[in-house]
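Notebook open. I want to go through this model piece by piece and write down what I look up.

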Amino acid sequence: MNKMLAIAGAIAALTAATSAQAQSADAGAGAKIVAPLEISNVTDLYFGTIAPSTTVADKVVVGSDGSRKCGPALTCLTADHTAAAFAVTGEAGAFYTISLPKEIKIVNENGNAMLVSDFSGSKDKGQLLKGEDSFTVGGTLDVGVRQEAGKYTGSFTVAVEYQ
C-alpha cells in the first residue's frame, strides 16, 4: 500500500509540474502611415501702393477675403492688393489647425521698416476633403508719418498641423 501511495504521489507531482509550465501567445503588430501634411504659398500678402500722410500715422488692412481698408490719413493708389493664399495637401478627410504669426516687419532697401500685425485667416482649422484644402490670410500694415518711399518686403510663416 505504501508503494501504491508513493506511485500515486509521484504521478500527482508530475501532473502538477506539467500544469505549472509557462504559456505563450502571439500578437500582431502594425501601423498606419498618413500622407504628409504639406503647405505651399500660392499668393503673397500685398497692401498695394500707398501714399503716407505728412502729419499722421495710419493703417492699411487687407482682410482675409482680399478686401482692403485704407486709413483716412493715407491714400491707397492702386487696387492690386491681395490676401496671402495657401494650399494644403495631406491625408484625405483629415482635419488640421492653422497657426499664424503675431507680427513681422517689412523693410525697404534703406533698412526702414513697417510693422505688419493682426494677421487673420479665412479659417483657423480645415479639413482635407479629397486630400486638399486652401485658405487665405490678411493683416494690418502700420504706415508711419512721412514713411520713407521704397519697396518694402518681408516674409512670414504660417504653420499647419494635423489634429
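**Pocket.** I started with the largest pocket, which has a volume of about 640 Å³. Its lining counts 27 residues. Closest to the centre I find Y46, F47, I106, Y152 and T153. Next I asked which elements give two or more residues to the lining. They are β6 (84-89), β8 (103-107), β9 (113-121) and β11 (132-143). I note here that the model is predicted.

**Whole chain.** I then stepped back to the overall make-up. The chain has one helix and 12 strands. Along the sequence the helix comes first, and the strands follow it. How much of the chain is buried? Of its 163 residues, 28% count as buried. I also checked contacts between residues at least 6 apart in sequence, and 71% of these join residues at least 24 apart. The accessible surface comes to about 10600 Å². Carbon and sulfur atoms hold 55% of that surface.

**Strand β8.** I returned to β8, one of the elements in the pocket lining. Its covered face holds I104 and I106. Its uncovered face holds E103, K105 and V107. I recall the general rule that side chains in a regular strand alternate between the two faces of the sheet. I106 is also among the residues closest to the pocket centre.

Which strand does β8 join through five bridges? The partner is β9, and the two run antiparallel. Within that pairing, I104 has V116 as its bridge partner in β9. The two strands form a hairpin with five residues between them. In the turn, G111 has a positive phi of about 90°.

**V107.** I looked at this residue on its own. V107 sits in β8, on the uncovered face. Is V107 buried or exposed, or in between? Its relative accessible area is 31%, so V107 is partly exposed. The cut-offs are under 20% for buried and over 50% for exposed. Leaving out residues up to four places away in sequence, V107 touches N112, A113, K151, Y152 and T153. I picked T153 for a distance check. V107 and T153 lie 46 residues apart in sequence, yet 5.4 Å apart in space, C-alpha to C-alpha. Y152 and T153 also appear among the residues closest to the pocket centre.

**Strand β3.** Next I took β3, residues 58-62. D58, V60 and V62 make up the covered face. K59 and V61 make up the uncovered one. Five bridges join β3 to β11, in antiparallel fashion. There V60 has L141 as its bridge partner. Three bridges join β3 to β4 (residues 68-70), again antiparallel. In that pairing V61 stands opposite K69. β3 and β4 form a hairpin with five residues between the strands. G66 in this hairpin takes a positive phi near 90°.

**Three-stranded sheet.** Last, I looked up an open sheet with the order β10-β7-β12 and antiparallel pairing. Why is one side of β10 and of β12 left without a neighbour? β10 (125-127) and β12 (159-162) stand at the edges with a single partner strand each, so one side of each has no neighbour in the sheet. The twist averages 30° from one strand to the next. β7 (residues 95-99) is joined to β10 by three bridges. Y96 stands opposite G126 in β10.

Notes
Residues are numbered from 1 along each chain as its sequence is written. This is a predicted model: local features need pLDDT of at least 70, side-chain atom pairs count only at pLDDT 80 or more; totals for chains, interfaces and linings use all residues. Side-chain values use heavy atoms; hydrogens and water are left out. Helices (H or I, at least four residues) and strands (E, at least two) are DSSP runs, numbered from the N terminus. Buried means under 20% relative accessible area, exposed over 50%, partly exposed in between (1.4 Å probe, protein chains only). Contact means heavy atoms within 4.5 Å. Accessible areas come from the Shrake-Rupley method with a 1.4 Å probe; for residues, only the protein chains shown count as cover. Two strands pair if DSSP finds at least two bridges between them. Axes are lines fitted to C-alpha atoms, for helices over the stretch in contact, and angles run from 0 to 180 degrees between N-to-C directions. On a 1 Å grid over the protein atoms alone, a cavity is a set of points where a 1.4 Å probe fits but cannot get out, and a pocket is an open set with protein on both sides within 12 Å along at least five of seven lines; lining residues have an atom within 4 Å of a point. Grid points are joined across faces, edges and corners, and a volume is the space filled by probe spheres set on the points.
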